[in-house]
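Let's take a friendly walk through a protein structure, one step at a time. Keep the picture in view and try to find each residue as it comes up.

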Amino acid sequence: MSNPVLEEKYIEKFQNYDNGLEVVSTSGVALKVMFLFAIMLVTSYLSFKLAIIGSDRASILSMAGIIIGGIFAFATIFIRNFKLLAPLSMGYALFEGLAIGAISGWFTTAYGSGIVLNAVLASFATLFAVMFLYSTKIIRCTEKFKSVIFASTLAIAIVYFITIIMSFINPESTSVLMGNGLMGIGFSVVVCIVAALNFVIDFDIIDRAKEAGLTKDFEWYGAFSILVTLIWLYIEILKLLAKLNKRQ
């Protein structure tokens, strides 16, 4: 399996061709990650406060964030125009922040403020840990590794889709994987591990872009990719901590 953004024809649009343009750099991607994260924080704060006070508007903003943020995400991945990467990735961060803020507010109301802080710290700690393992080549992004992670990620998505459908038919049928039993906790741990290992693929995309001499426009995709993985990991850690909290 290969990332659609790194197909040969698409890469040609970003290549420098020795025309004096700056190329992709790790520091450039890092700055753009921080910029996108800052945008997300602003909108997440709004929906977070609404969720804390129990406002119905939090649910509306959350749903809008999920739907519109998803549209921006797919557009960022599949629209093959490098000039649109910056506004599309910023739009994703803006609307996804509405969803993340509301979700964080609901978890705070249910389990206390500590759960969100712990999930944030654990998410960033995991990001830096995987970055260290990747940079020291303890973990290598081979084709086999990518195939396993892509397949695992797809399998998790299918499980979640089936779970949503089953929750409407028979809510109790989802308690095994989504509940706080050992099976449910084990499933969450596996999902967190798969989410974390997606960072390796993100880092590989950035390294391949640097090797191909792509222009700095492509840094927006690298930043977007990391932010998507970070958000997924954060949500999964939140759910894992909630399950552990229920067992106490």
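In this predicted model, the side chains of Glu143 and Lys146 meet in a salt bridge, with 2.9 Å from N to O. Side chains of opposite charge can pair when their charged atoms come close. Both Glu143 and Lys146 belong to helix α6, where they are three residues apart, or about one turn of the helix. Is Lys146 buried or exposed? Lys146 has a relative accessible area of 7%, so it is buried, because buried means under 20%.

Now look for another pair with a similar layout. In helix α9, Glu236 and Lys239 are three residues apart, so about one helical turn separates them. Their side chains meet in a salt bridge of 3.5 Å, N to O. Glu236 is buried, with a relative accessible area of 2%, whereas Lys239 counts as partly exposed at 26% relative accessibility. Elsewhere, salt bridges that share partners join Lys32, Lys216 and Glu219 into one network. Within this network, the closest N and O atoms of Lys216 and Glu219 are 2.7 Å apart. Lys216 is partly exposed, with a relative accessible area of 23%, while Glu219 is buried, at 0%. How many salt bridges are there altogether? The count comes to six.

Let's step back and take in the whole protein. There are nine helices and zero strands, so that from the N terminus on, the elements run α-α-α-α-α-α-α-α-α. Of the 248 residues, 44% are buried. The protein exposes about 13,000 Å², and carbon and sulfur atoms supply 70% of that area. Contacts also tell us how the chain comes together. Among contacts between residues at least 6 apart in sequence, 83% join residues at least 24 apart.

A good place to see two helices meet is the pair α2 and α3. Helix α2 covers residues 26–52 and helix α3 covers residues 56–78; their axes come within 7 Å and cross at roughly 145 degrees. The contact is made by Leu46, Ser47, Leu50 and Ala51 on the α2 side, and by Arg57, Ala58 and Leu61 on the α3 side. The crossing of α2 past α3 is left-handed.

Stay on helix α3 for a moment, since Ser62 is placed there. Ser62 counts as buried, at 5% relative accessibility. Which residues does Ser62 touch, leaving aside its neighbours within four places in sequence? They are Leu98, Ala99, Ala102 and Trp106.

Helix α9, residues 219–246, offers another buried residue to look at: Ile226 has its place there. With a relative accessible area of 7%, Ile226 is buried. Leaving aside its neighbours within four places in sequence, Ile226 is in contact with Val29, Val33, Leu127, Phe199, Asp202, Phe203 and Ile206. One of these partners, Asp202, is 24 residues away from Ile226 along the chain, yet their C-alpha atoms are separated by 6.0 Å.

For another pair of residues far apart in sequence, find Asn118 in helix α5. Asn118 and Leu241 are 123 residues apart in sequence, but 8.5 Å apart in space, C-alpha to C-alpha. Asn118 itself is partly exposed, with a relative accessible area of 42%.

Moving on along the chain, you reach the loop between α5 (114–135) and α6, which is where Lys137 is placed. What stands out in the backbone of Lys137 is its phi angle, near 65 degrees, a positive value in a residue other than glycine.

Finally, return to helix α6, which spans residues 143–169 and includes Ile162. Is Ile162 buried or partly exposed? Its relative accessible area is 46%, so Ile162 is partly exposed. Ile162 also belongs to a nonpolar surface patch of about 940 Å². The other members of this patch are Leu154, Ile158, Phe161, Ile164, Ile165, Met166, Phe168 and Ile169. Try picking out these side chains in the structure, starting from Ile162.

Conventions. Residues numbered from 1 in each chain as written. Predicted model: local features only at pLDDT ≥ 70, side-chain atom pairs only at ≥ 80, totals over all residues. Heavy atoms only, no water. Patch = residues over 30% accessible without salt bridge, like charges linked within 9 Å, V, L, I, M, F, W, Y side chains within 5 Å. Areas by Shrake-Rupley, 256 points an atom, 1.4 Å probe, with all protein chains shown as cover. Salt bridge = Lys/Arg side-chain N within 4 Å of Asp/Glu carboxyl O. Helix = DSSP H or I, 4+ residues; strand = E, 2+ residues; numbered from the N terminus. Buried < 20%, exposed > 50% of the residue type's maximum accessible area, 1.4 Å probe, protein only. Axes fitted to C-alpha atoms, helices over the stretch in contact; angles between N-to-C directions. Left-handed = near helix turned anticlockwise from the far one by under 90°. Contact = heavy atoms within 4.5 Å.
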